[in-house]
Amino acid sequence: MAVKHHAYEAEQKKLEETLHVVDKEIDLLREDIGQVTDDYVKQVVNYKKVKDLQYLEDHGREKPYFGRIDFLKDETYELDSVYIGKRGIVRSDTFDTVVVDWRAPIASLFYSGESKDAFYRTARGIVRGEVKLKRNFAIENGQITGIYDGALKETIDREVGQPDEFLHEGFIDEFLASSLNQTNDSRLKDIVATIQAEQNEIIRAEKDKPLVVQGVAGSGKTTIALHRLSYLIYNYQDTLASKRFMVFAPNRLFLNYISDVLPELGVEDVQQSTFAEWAARLVRPILPKGWRILDPQKPLQLFFEPGKSERERTIAWRRLHFKGSFACKQTLDHYLQDVLEKQIPYKKLSFIYSRTNQVFTIEGGQIREIFTEQLKHLPYNSRLEAMRKQLKQEMNKLLFSHLRERKIDLDKQGLAKFEKLIEQVLAKYMADWPQLDVFPLYRQIMTEPELLRKLAPTSIDDETIRDVCESNAEIMGKERIEPEDLAALLYLRQLIEGLDTAAQFDHAVIDEAQDLSAMEIMLVAMMAKRHSVTIVGDIAQGIHAYRGLHDWDELLQDVFAEPRAAFYKLEQSYRSTVEIMRCANHVLEKIKLPELVMAKPVLRHGEQPLLLQQATKEALWQEIGEQVNRLRGEGLQTIAIVGKSMEESKKAHKALISMLPDLTLLSHKDTHYEGGLMIMPAYLTKGLQFDAVILLDVDDEHYGLHDLDAKLLYVAMTRPVHRLLITCIAGRLSPLLQGLSLESEGTRKKA
Ligand SMILES: Nc1ncnc2c1ncn2[C@@H]1O[C@H](COP(=O)(O)OP(=O)(O)OP(=O)(O)O)[C@@H](O)[C@H]1O
């Protein structure tokens with residue numbers, strides 16, 4: 001069926017021409033690859049050709065491009081029509097560019113949404129002009145099935161009249177709306193055809209600068225962080241290697257969930273890890289034999305599972321919070337400062353050359369200056385070594401100038417003798433310079449209250465110092481450390497021994513960064529060359545408040561004081577319907593956290609969240625079983641049943657499995673994300689999305705009016721793309737949802 005658009009015929013013709021080029025390129029590539037060669041360079045070229053062929057066969061033939069811009073260059077007054085696709089396509093006979101890669105500089109115009117004063121950056125400078133047309137195509141099997149013009153701010157101005165109001169409420173173009181409405185299998189996919197202007201800015205932001213993004217739930221943080229990797233590798237392929245990119249995420253399940261999109265984006269061999277796993281690998285070499293690192297899930301159980309005393313929680317909170325704080329970094333810095341200023345004697349160094357009875361002296365002040373200033377870029381141990389070398393040089397210099405003055409020639413024997421003398425003098429001189437051993441030192445600082453009091457900033461109160469030291473002593477007494485020790489330990493290792501530069505990243509992404517501590521983020525940034533890190537998160541979803549960030553200021557003002565980080569905010573949410581987001585925002589409003597940003601859903605409507613209440617648990621299980629089948633009947637494929645804790649998810653799994661035999665129970669130990677029907681604790685749903693979510697036990701006992709409960713509930717409520725179902729025993733609905741209009745089976749009622 002022909003598409004109703006004035007340019008349909010011309011565009012369909014253009015598409016056919018492009019497909020013809022694609023077919024020819026496929027033939028040429030097949031021919032080239034078919035030729036067997038022993039030549040290594042040719043093999044490398046062939047490898048690239050295999051990849052190109054794969055792309056053209058899998059995507060190019062189907063949908064070589066998704067958009068077009070017409071750009072009138074100020075300088076030449078030429079109008080260029082540029083077609084933009086997931087990858088560039090160049091005719092190998094004429095070298096003409098048929099399709100431009102979405103990551104190429106000119107393609108930025110497609111996303112920036114500007115019209116009259118448009119520009120893009122190239123290596124040779126800024127190119128200015130006017131975007132006359134922005135066009136999206138829906139293409140299926142080589143046929144255009146939709147043409148969508150506009151979505152430029154000006155177009156909206158003309159058509160809607162009140163642009164700002166609409167933009168504010170989440171006006172989106174038809175093309176984006178249709179792409180969001182598709183029922184998907186919930187895995188992350190590329191969004192190259194619909195990247196929004198503010199997301200484009202982040203993807204294409206400066207490479208060598210820390211980037212911090214606060215984005216509401218569903219604003220595309222994970223997606224754009226991965227698109228940024230793709231952008232960086234395309235534009236800096238001479239200096240960056242994707243195998244030196246690192247993506248940090250909260251758990252293996254999540255990493256597996258996002259892994260499919262990476263090859264799609266052309267970044268295949270990226271490293272992926274949780275912070276704890278990565279840091280543990282670096283800490284193990286300095287951990288004494290027999291020592292173990294505790295399970296990272298332990299604190300979560302302490303804070304979310306019932307049965308723990310308030311005192312226990314307070315102590316754990318203080319200890320974990322301190323270890324992750326910038327104050328902990330200052331404490332460790334302070335230790336080294338103390339060594340440098342008070343423990344090293346910086347005495348003058350004197351020695352006698354017996355043949356002439358000449359006494360030489362290097363003044364203590366000069367030695368101090370070398371050690372604390374000239375060598376300050378080095379870790380302590382390397383500094384000691386460099387100091388020895390420098391003193392040796394200095395001693396040689398003094399002696400040889402003396403010998404020159406006296407016109408004395410040293411023979412081989414004399415030289416060896418002097419060499420020996422230097423070694424003896426230096427060994428004696430540096431014998432009382434402290435030798436620092438990372439692990440015992442860390443243990444000492446973290447367990448001795450007087451020492452910690454002396455080193456920690458005054459903002460840390462005495463009670464905290466006592467609790468930190470006592471509880472650490474208990475843990476370390478059993479030869480254990482916590483995952484929260486890792487960053488601090490590695491930081492101390494960096495100060496003393498230096499970390500292995502081979503472990504450095506070309507670029508690192510930290511997803512769900514609000515759940516890492518300032519210390520952990522700082523360490524990753526330290527390991528990224530030129531501080532090239534992209535840090536994305538949402539404070540409203542911070543469920544690890546005991547160690548995570550409470551606001552971005554600690555990062556922006558302390559950790560990234562120098563170099564300064566670029567900070568972006570994303571408020572538009574693309575995942576869930578307006579109805580679901582309204583409900584989730586209500587939970588946040590109940591706890592009134594400072595600086596909280598409410599998500600603005602795009603204008604995509606769906607069914608009201610459904611409240612299921614029954615008098616007994618048994619009746620509720622029955623109803624959940626029926627609802628799951630109903631949702632499946634509607635074609636929804638990924639459905640998550642979400643308990644508050646692991647314990648409760650296990651119980652629910654037991655109760656439901658006879659009714660829903662394919663229900664899979666997921667825990668933090670799972671590494672493989674399959675989709676389908678799942679049950680899992682709320683904290684494990686972080687970052688994931690599902691077609692539908694059924695929340696268990698949304699009652700006053702499980703979700704009280706507390707920050708942590710509200711944030712956890714908010715995370716779980718913002719996971720569904722299409723449907724949200726809330727369950728509890730009748731009359732027990734959580735106070736976090738009181739006052740909200742929820743749909744119940746059959747009738748609409750006030751909760
Ligand atoms: N510009 C866009 N075009 C189409 N879809 C988009 C766009 N931006 C985001 N999305 C979709 O929104 C959903 C949420 O994206 P993503 O998971 O990256 O968000 P997030 O900010 O990391 O979410 P959360 O913090 O809640 O885990 C995904 O389905 C993604 O494809």
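Which residue stands opposite Val-212 in strand 16? Hold on to that question while we walk through the protein together.

First, some ground rules. This is a predicted model, in which local features need pLDDT of at least 70, side-chain atom pairs count only at pLDDT 80 or more, and totals for chains, interfaces and linings use all residues. Residues are numbered from 1 along each chain as its sequence is written.

Let's begin with the overall picture. The protein has 27 helices and 27 strands; these are DSSP runs numbered from the N terminus, with helices being H or I of at least four residues and strands being E of at least two. Its C-alpha trace spans about 105 × 75 × 55 Å along the principal axes. Of the 751 residues, 40% are buried. Buried here stands for 20 or more other C-beta atoms within 10 Å of a residue's own, exposed for 12 or fewer, and partly exposed for anything in between, with C-beta atoms placed from the backbone. Among contacts between residues at least 6 apart in sequence, 73% join residues at least 24 apart. Two residues are in contact if their C-beta atoms, placed from the backbone, lie within 7 Å.

Now to the sheet, where our opening question lives. There are 6 strands in an open sheet, in the order 10-9-15-16-8-17, with parallel pairing. At the edges sit strand 10 (271–273) and strand 17 (566–570), each pairing on one side only. From one strand to the next, the twist averages 15°; the axes behind such angles are lines fitted to C-alpha atoms, for helices over the stretch in contact, and angles run from 0 to 180 degrees between N-to-C directions. Two strands pair if DSSP finds at least two bridges between them.

Please find strand 16, residues 533–537, on your screen. Strand 8 pairs with strand 16 in the parallel sense over 4 bridges, and here is the answer: Val-212 stands opposite Ile-535. Strand 15 (residues 507–510) also runs parallel to strand 16, joined by 3 bridges, and Ile-510 stands opposite Ile-535 too.

Why is strand 16 described as largely enclosed by the rest of the structure? Because 5 of its 5 residues are buried. In a regular strand, side chains alternate between the two faces of the sheet. In strand 16, Val-533, Ile-535 and Gly-537 are buried on one side, and Thr-534 and Val-536 are buried on the other.

Over by the edge, strand 9 (residues 245–248) and strand 10 pair in the parallel sense over 3 bridges. There, Val-247 stands opposite Gln-272.

For contrast, here is an antiparallel pair. Strand 5 (residues 118–122) and strand 6 (residues 125–140) run antiparallel and share 5 bridges. A hairpin of 2 residues links strand 5 to strand 6, and Ala-118 stands opposite Gly-129.

Next, follow strand 8 (211–215) into the loop before helix 8 (221–235), where you will find Ala-217. Gly-218 is in that loop as well. The unreviewed UniProt entry has a "binding site" annotation covering residues that include Ala-217 and Gly-218; such annotations may be inferred rather than shown by experiment, feature names are shortened, and positions are given in the numbering used here. Are these two buried or exposed? Ala-217 is buried, because 24 other C-beta atoms lie within 10 Å, and Gly-218 counts as buried because it has 26 C-beta neighbours inside 10 Å. Setting aside residues up to four places away in sequence, Ala-217 contacts Asp-538, Gln-541, Ser-573, Ala-599 and Thr-718. On the same basis, the contacts of Gly-218 include Tyr-574, Arg-575 and Ser-576.

Let's turn to the largest nonpolar core, which has 177 residues. A nonpolar core is a set of buried Ala, Val, Leu, Ile, Met, Phe, Trp, Tyr and Cys residues joined through C-beta atoms within 7 Å. Among the members touching the most others are Ile-510, Val-524 and Met-717. Helix 21 (residues 483–496) gives the most to this core, with 9 residues. Beyond its neighbours within four places in sequence, Val-524 is in contact with Phe-248, Ala-508, Ile-510 and Val-533.

One last stop is Cys-583, in helix 24 (residues 578–591). Cys-583 is buried, because 22 other C-beta atoms lie within 10 Å. Cys-583 and Tyr-714 are 131 residues apart in sequence, and their C-alpha atoms are 9.2 Å apart in space.
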